[in-house]
Amino acid sequence: MAVAGSARASQNPLLKPVTSRVSIFRDAVNVGVVQRNRRVLLVGSGEATFLNSVKPLGAESIDWVLYTDHHRDQCSGASKLKKAGAKIAVPAAEAGFFRDATALWKDSDKALYHRYHFRPDFFMPRESVQPDRMLLDNEVLAWEGLEIRMISTPGTTNGSATLLLDIDNERIAFTGDLIYGPGQLWNMYRLQKQYRGMTAGDYWGFGGAVLDVLNSLDKVLSYNPSILVPMHGIVIKNPRQAISLLRERVNAVLENYFVTSSWRIYHHHEVSRFEQDVQPPYNVPMLHPLPAVRMPSWLHRSVNTSSYLQAEDGKIFLFDCGFKPVVQELSRLKRSGAISGIDGIWLSHYHDDHVTSVNTVRRMLGGEVYAQKEMRDILENPTAYSMPCLFPESIHVDHALSDGDVIEWKGYKMTAYYFPGQTLYHGGLLIEHDGVRVFMTGDSFANWGIDDYCSYNRNFLGHDGETSGYLRCVRLLLKLKPDILMAAHWGAEPVSEDYLRKTLALLEERGKLLAPLFPWEDPNFGLDPSWIQAYPYHQVIQPRQVVAIEAKIFNHSSAPRRAFAELRLPDEWRPGTPGRLTVQPHTEGRLRITAVAPARPRRQREVLGLSVRFGTTNLGEATEAIVDYAS
């Protein structure tokens with residue numbers, strides 16, 4: 001076969017025609033295939049399985065592979081294609097993620113731990129690949145009498161681009177992940193980005209790149225394309241209607257979201273990292289703050305995120321133990337005789353500003369650690385996770401608490417609850433003393449809003465939100481009816497049944513608004529960046545070691561799903577057998593996969609890719625695991 005436009009090409013099951021000379025080959029992404037004069041140009045590659053199809057399609061060679069951004073699901077096969085003789089072209093703004101990937105991984109610890117920034121992310125090639133061409137905005141690549149124009153269209157990455165091709169009386173725009181289909185996105189978590197006026201990073205920026213996406217799609221429309229080809233999704237032949245519907249749906253979601261987004265409260269409190277409120281059209285009215293309340297005299301604020309109870313013998317029960325100032329403050333209190341020691345340390349969640357000084361304080365003043373059982377592993381094995389704000393030092397949990405467990409301590413009654421608000425790995429504690437009921441909310445509530453501003457913390461809605469999300473938290477507070485909420489950063493906060501019910505209604509509505517925005521069976525697939533994990537995420541190994549990785553796959557849907565997983569390995573590694581499992585609805589399945597490290601490693605750090613097929617969807621290298629060789 002010479003060209004894709006022949007009758008044989010139109011019937012070829014490997015290709016889905018877009019025009020007579022442009023087709024889609026399905027890998028982990030839509031690979032655009034342009035054939036001309038028995039030669040091929042690709043847009044995207046996925047894992048480069050198209051290499052197996054070159055000869056059956058009658059082509060002589062793949063000349064060029066063009067990428068819209070650095071995300072690994074579309075470019076994991078770049079090195080393989082280079083070795084096969086293809087040239088690589090990338091947006092100039094994305095070139096460093098291809099050219100310098102090995103060095104970026106080597107120095108990634110400072111970004112992977114204490115992480116408050118998500119741009120750039122590490123969803124990039126596992127090893128460096130040298131681009132042959134770096135295209136600037138509005139630059140044209142000429143090939144076989146055709147011109148492919150690159151235009152800068154930030155969205156899921158800050159440097160991503162759209163590629164325009166005039167062919168067969170059509171203008172085709174390869175739009176990367178700006179859009180999935182009419183009114184749909186592939187996911188929301190890749191849009192985590194700081195809003196204007198945020199000076200401390202992307203952590204607070206749920207949906208912060210939405211305006212980039214919409215502005216970029218408007219720019220694409222200004223070139224009057226007749227067809228959009230997304231990296232994930234369906235070929236779109238009504239671009240204006242598809243984008244208009246996306247704008248409508250995204251705006252509805254964010255207008256709902258910003259009614260309760262508590263970083264806006266921080267802005268109104270003049271917290272330095274938020275200089276401005278959210279920009280229009282999302283600056284909707286919030287729930288008005290409730291009247292301030294006083295903290296009971298028996299609950300003492302310390303510094304940063306810490307507070308404590310004190311008994312008559314001078315011992316204290318500490319709540320959270322973050323950065324260094326808490327060590328200095330507790331040392332001062334001990335020297336002055338104000339306290340005599342620590343009996344217990346309860347941790348609301350794993351974030352560094354709540355746990356960094358736990359081990360130091362225990363050595364100085366004693367104390368056993370209490371934490372919800374759902375948090376135990378991330379506290380004791382933090383480097384096994386890829387999560388925001390990790391403190392990469394193991395903290396031993398002496399008491400792993402279950403829902404309803406009671407701590408009776410010197411006249412105080414404390415009841416433990418799983419409280420997955422700000423993050424999936426979070427606890428709550430009801431303290432009862434002298435007729436007052438105080439609920440320790442960690443970082444989950446403010447007056448009046450909720451702290452679901454970082455999708456990487458894993459905030460579920462719908463069915464999974466009822467068991468492991470804010471829906472559970474709100475319903476619990478409605479049931480317990482505490483007098484006061486104790487926010488780790490803010491102190492005593494008011495609570496009202498009316499506001500809890502309004503928050504619950506907004507969360508329930510949000511789930512319904514998000515459902516049509518994603519192509520998934522459940523919107524949590526589009527909200528949860530860690531529904532596929534490699535566990536442990538980071539480990540130290542020896543040469544020749546059998547390395548075990550668990551594929552952890554959370555099935556957010558309401559039906560069982562088959563999953564297939566295998567490792568993608570650096571050269572000289574020996575692969576083990578890939579695995580299959582059935583993941584039950586609304587649960588996490590685990591699959592153990594092994595590989596053998598080489599006797600003579602090429603470098604001190606290597607990155608393994610975890611490739612997953614979920615149901616009928618090939619996700620390619622959905623995530624990765626890092627291995628360091630022991631020195």
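# A tour from salt bridges to sheets and cores

Begin by selecting Arg590 and Glu588: the two form a salt bridge whose closest N and O atoms are 3.9 Å apart. A salt bridge is counted here when a side-chain nitrogen of Lys or Arg lies within 4 Å of a carboxyl oxygen of Asp or Glu. The model is predicted, with local features requiring pLDDT of at least 70 and side-chain atom pairs counting only at pLDDT 80 or more, whereas totals for chains, interfaces and linings use all residues. Residues are numbered from 1 along each chain as its sequence is written, and side-chain values use heavy atoms, with hydrogens and water left out.

Arg590 is partly exposed because its relative accessibility is 46%, and Glu588 falls in the partly exposed class at 30%. These classes rest on relative accessible area: under 20% is buried, over 50% is exposed, and partly exposed lies in between (1.4 Å probe, protein chains only).

## Further salt bridges

Select Arg247 and Asp218 next. Their salt bridge has its closest N and O atoms 2.8 Å apart. The partners come from distant parts of the chain, 29 residues apart: Arg247 belongs to helix H8 (residues 239-257) and Asp218 to helix H7 (residues 210-222). Helices (H or I, at least four residues) and strands (E, at least two) are DSSP runs, numbered from the N terminus. Arg247 is partly exposed at 27% relative accessibility, as is Asp218 at 35%.

Move on to Glu497 and Lys481, a salt bridge with the closest N and O atoms 3.8 Å apart. Glu497 is in helix H16 (residues 497-514), while Lys481 is in the loop between helix H15 (470-480) and strand S25 (484-487), so this pair ties together parts 16 residues apart in sequence. Glu497, at 42% relative accessibility, counts as partly exposed; Lys481, at 52% relative accessible area, is exposed. The structure contains 45 salt bridges.

## Strand S15 and its neighbours

Select residues 315-319, strand S15. Four of the five residues in this strand are buried. Four bridges join S15 to strand S14 (residues 307-310), and the two run antiparallel; strands count as paired if DSSP finds at least two bridges between them. Leu309 has Phe317 of S15 as its bridge partner.

What lies between S14 and S15? The two strands form a hairpin with four intervening residues, and Gly314 in the turn has a positive phi of about 90°.

Now display strand S16 (residues 341-346), which is parallel to S15 and joined to it by five bridges. Opposite Phe317 in S16 stands Gly344. From S15 the chain passes through helix H10 (residues 324-336) to S16, a right-handed β-α-β crossover. Right-handed means that, with the strands pointing away from the viewer, the path from the first strand over the helix to the second runs clockwise.

## Two open sheets

The next selection is an open sheet of seven strands with mixed pairing, ordered S1-S2-S3-S4-S5-S6-S7. Strand S1 (15-17) and strand S7 (133-135) are at the edges with a single partner strand each, so one side of each has no neighbour in the sheet. From one strand to the next, the twist averages 25°; axes are lines fitted to C-alpha atoms (for helices over the stretch in contact), and angles run from 0 to 180 degrees between N-to-C directions. At the S1 edge, three bridges connect S1 to strand S2 (residues 22-26) in an antiparallel arrangement. Lys16 has Ile24 in S2 as its bridge partner.

Then select an open sheet of five strands, in the order S28-S35-S34-S30-S32 and again of mixed pairing. Its edge strands are S28 (538-541) and S32 (579-583), each paired on one side only. Here the twist averages 30° from one strand to the next. Within this sheet, strand S30 (residues 561-568) and strand S34 (residues 605-614) run antiparallel and share six bridges. Phe564 has Arg613 in S34 as its bridge partner.

## The nonpolar cores

Finish in the interior. The largest nonpolar core has 142 residues, and those with the most contacts inside it are Met188, Leu254, Trp263, Leu330, Phe445 and Trp531. Such a core is a set of buried Ala, Val, Leu, Ile, Met, Phe, Trp, Tyr and Cys residues joined through side-chain atoms within 4.5 Å. H15 supplies the largest share of this core, eight residues.

Centre the view on Phe445. Leaving aside residues up to four places away in sequence, Phe445 touches several residues, including Phe419, Tyr470, Cys473, Leu477 and Leu500; contact means heavy atoms within 4.5 Å. A second, separate core has 25 residues, among them Val33, Val54, Ala95 and Met231.
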